[in-house]
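The paragraphs below lead through one structure, starting from a single pair of side chains and widening to the chain as a whole. Please keep the sequence and the coordinates at hand while reading.

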Amino acid sequence: MAAIARTVSLTARTSVVQGKKVRNVARTAAPQAARGVLQVRAASKAVWFPGNPGAAHLDGTLPGDYGFDPLSLGSDAEMLKWFQQAELMHCRWAMVGAAGILLPEVATIFGAGDLPVWFEAGEQLNGTQFTDGVTLFWIQMLLMNWVEVRRFMDMKNPGSQNQDPIFPQFAVTGTEVGYPGGRWFNPFSMAATDEKMVEYKTKEVKNGRLAMVAMVGFATQAFVTGQGPVANLMQHMADPAHNTFFTQSFTN
C-alpha cells in the first residue's frame, strides 16, 4: 500500500509539473504567435521603400497607396481626400495628353498623316477657319468650369450629381467620388466585381503616374531639342552613344 501511495503521489506531482510546463509553454507561445501575426500584417503592406514602414496615415486602402508621403501632406483626412481626387484627375489628363502627343507624331513619321508636333499644334490652329486662340480659350474655360463645378459638388455631396441635367437617360451609377460609372463613363461594363474594381483602380493610378512623369519628359525634350518624343527616340536608337539628353545643346 505504501508503494502504491508513493506512486500516486509521484504521478500527481508529475502531472502538476507538466501542467505548469504546458501553461508556461502556452504563455510563451501566445506572445510569439501575436508577434508573428503583427509581422505578417506589417509585411503584407506594400511600401515604396523597402524597410520603411511608410506614412502612418496611409493604411494601404487607397488605390496605388504605398505609404509615400514624406512631407505628411495628407496627414489631414479631409486634405487627403482632396489630394486623392487631384491626383486622379491629373493622372487621367496626363494619360490623354500622352496619347495625344504620341499618336499624331507616330502617324506623321510613318506617313499616315501630316499632323503638327504637339507643341506647335495650337499655333497652327490659331487663326484658321476652325477658330482663333482667344475663342478656343473661352470655350474651354466655360466647358471646364461647368464640369469642374459639378465634380466639386459631387465631392462635397457624393452622388448628388449622378443625374445628367441634359441627357437624363445617361445617369451615372457610381457611388464613389471620382468613379461615376454608367453608360457615359463605363460603356463596356468593366469592373463588374469588387475585386476587378480594385484591380482597375490600382492600374489606372499606376499608369497615370507614369504618364505624368512622361509629360514632364516630353516638355523637357521639346525645350532642349525642339522635337517631339518619337523623333528623339528614333534618333537615340540610331546612335545611342551620341544622341542622348546630355549631348544636346540647350540653345535650340
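**A charged network in one helix**

In this predicted model, Glu-199 makes a salt bridge with Lys-203, in which the closest N and O atoms are 2.8 Å apart. Both residues belong to helix H6, where Glu-199 and Lys-203 stand four residues apart, about one turn of the helix. Glu-199 also meets the side chain of Lys-196 in a salt bridge, with an N to O distance of 3.3 Å. Glu-199 and Lys-196 are three residues apart in helix H6, and they are therefore separated by about one helical turn.

Through these shared partners, the salt bridges join Lys-196, Glu-199 and Lys-203 into one network. As for how far its members are open to the surroundings, Lys-203 has a relative accessibility of 43% and so counts as partly exposed. Glu-199, at 29% relative accessibility, is likewise classed as partly exposed, and Lys-196 is partly exposed with a relative accessible area of 34%.

**A bridge between helices**

Side chains of opposite charge can pair when their charged atoms come close. The structure holds seven salt bridges, and one of them links Glu-87 with Arg-209, the closest N and O atoms being 2.7 Å apart. Because Glu-87 lies in helix H2, residues 77-109, and Arg-209 in helix H6, residues 194-225, this pair ties together parts that are 122 residues apart in sequence. Glu-87 counts as partly exposed because its relative accessibility is 26%, and Arg-209, with a relative accessible area of 28%, is partly exposed.

**How H2 meets H7**

Two packed helices are described by the angle between their axes and the distance between the axes. For H2 and helix H7, the latter spanning residues 229-238, the axes come within 8 Å and cross at roughly 60°. That crossing makes H2 oblique to H7, since an angle has to be under 35 degrees to count as roughly parallel, whereas the roughly perpendicular range runs from 65 to 115. On the H2 side, the residues that take part in the meeting are Ile-101, Leu-102, Glu-105, Val-106 and Ile-109, and their counterparts in H7 are Pro-229, Val-230, Ala-231 and Met-234.

**A nonpolar patch on the surface**

Turning from charged pairs to nonpolar side chains, a surface patch is formed by Leu-71, Leu-73, Met-79, Trp-82, Phe-83, Val-149, Phe-152 and Met-153, which together have about 770 Å² of accessible area. The elements contributing two or more residues to the nonpolar patch are H2 and helix H4, the latter covering 133-156. Leu-73, one of the patch residues, is found in the loop between helix H1, which covers 2-44, and H2. With a relative accessibility of 51%, Leu-73 counts as exposed, because the class begins over 50%.

**The chain as a whole**

Seen in full, the chain contains seven helices and zero strands, and from the N terminus on its elements follow the order α-α-α-α-α-α-α. Of the 252 residues in the chain, 17% are buried. The chain exposes about 18,300 Å², of which carbon and sulfur atoms supply 67%. Where contacts between residues at least 6 apart in sequence are considered, 45% join residues at least 24 apart.

How values were computed: Residues are numbered from 1 along each chain as its sequence is written. This is a predicted model: local features need pLDDT of at least 70, side-chain atom pairs count only at pLDDT 80 or more; totals for chains, interfaces and linings use all residues. Side-chain values use heavy atoms; hydrogens and water are left out. A salt bridge is a side-chain nitrogen of Lys or Arg within 4 Å of a carboxyl oxygen of Asp or Glu. Buried means under 20% relative accessible area, exposed over 50%, partly exposed in between (1.4 Å probe, protein chains only). Patches are made of residues with over 30% relative accessible area and no salt bridge: like charges are joined within 9 Å, nonpolar side chains (Val, Leu, Ile, Met, Phe, Trp, Tyr) within 5 Å. Accessible areas come from the Shrake-Rupley method with a 1.4 Å probe; for residues, only the protein chains shown count as cover. Axes are lines fitted to C-alpha atoms, for helices over the stretch in contact, and angles run from 0 to 180 degrees between N-to-C directions. Angles under 35 degrees count as roughly parallel, over 145 as roughly antiparallel, 65 to 115 as roughly perpendicular and the rest as oblique. Contact means heavy atoms within 4.5 Å.
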